[in-house]
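Please open the model in your viewer and keep the sequence beside it. The tour below goes from one helix pairing to another, saying at each stop what to select.

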Amino acid sequence: MKTFLDSGVLLHGWRGDHLSGVVMQIIDDERREFFTSQMVRLELLPKPRFEKRYAEVAFYENHFRDCSFCELLSKDLGIEAEKLATRYGLAGPDALQLAAALRHSVAEFYTSERPGKPMFRVKELEVISLFSLLT
């Protein structure tokens, strides 16, 4: 199953908080094929690299290595993201991540956002909140 994890999901996985168990179940599910974007990398990697938090960087890099594809920021992606943002009332960074996922026909987009946010209006793929997976 084609799966995209937004940066907040990976951040919760690293932090070891109340959502990390759910995140690790998703990451460890061998039935999944992961996709990511340069935007996710930009949101996660620069600060821990700067602060020399190497274990955190390694956690993220391990996920990125497991991804089948990383969608780079480009003019075309920006145009698609702007259209998506206009159609659904999305914030720019969310639109870029969702547009990247849609380019690869991703089935599931996991987010750390709570249900009810504008990204849950997107109909072209299933947006799943980590909070909806807590039992």
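Select H1 and H5 together, and look along the line joining them: the crossing of H1 and H5 is right-handed, a term used when the near helix is turned clockwise from the far one by less than a right angle. This is a predicted model, in which local features need pLDDT of at least 70 and side-chain atom pairs count only at pLDDT 80 or more, while totals for chains, interfaces and linings use all residues. Residues are numbered from 1 along each chain as its sequence is written, and side-chain values use heavy atoms, with hydrogens and water left out.

H5 covers residues 54–66, and its axis lies 10 Å from that of H1, at an angle of about 130°. That angle makes H1 oblique to H5.

Next, show side chains: Leu-10, Leu-11, Gly-13 and Trp-14 of H1 meet Ala-55, Glu-56, Phe-59, Tyr-60, His-63 and Phe-64 of H5, contact meaning heavy atoms within 4.5 Å. Coloured by type, the residues of this contact divide into seven nonpolar, two polar and one charged.

Now hide H5 and select H2, residues 20–27, beside H1, residues 7–15; the two pack at an angle of about 110°, with their axes 8 Å apart. H1 is therefore roughly perpendicular to H2, the word for angles of 65 to 115 degrees, whereas those under 35 count as roughly parallel, those over 145 as roughly antiparallel and the rest as oblique. Here H1 passes H2 in a left-handed crossing.

Finally, select Val-9, Leu-10, His-12 and Gly-13 of H1 with Ser-20, Val-23, Met-24 and Ile-27 of H2, the residues that make this contact.

Notes: Axes fitted to C-alpha atoms, helices over the stretch in contact; angles between N-to-C directions. Helix = DSSP H or I, 4+ residues; strand = E, 2+ residues; numbered from the N terminus. Nonpolar A, V, L, I, M, F, W, Y, C, P; charged D, E, K, R; others polar.
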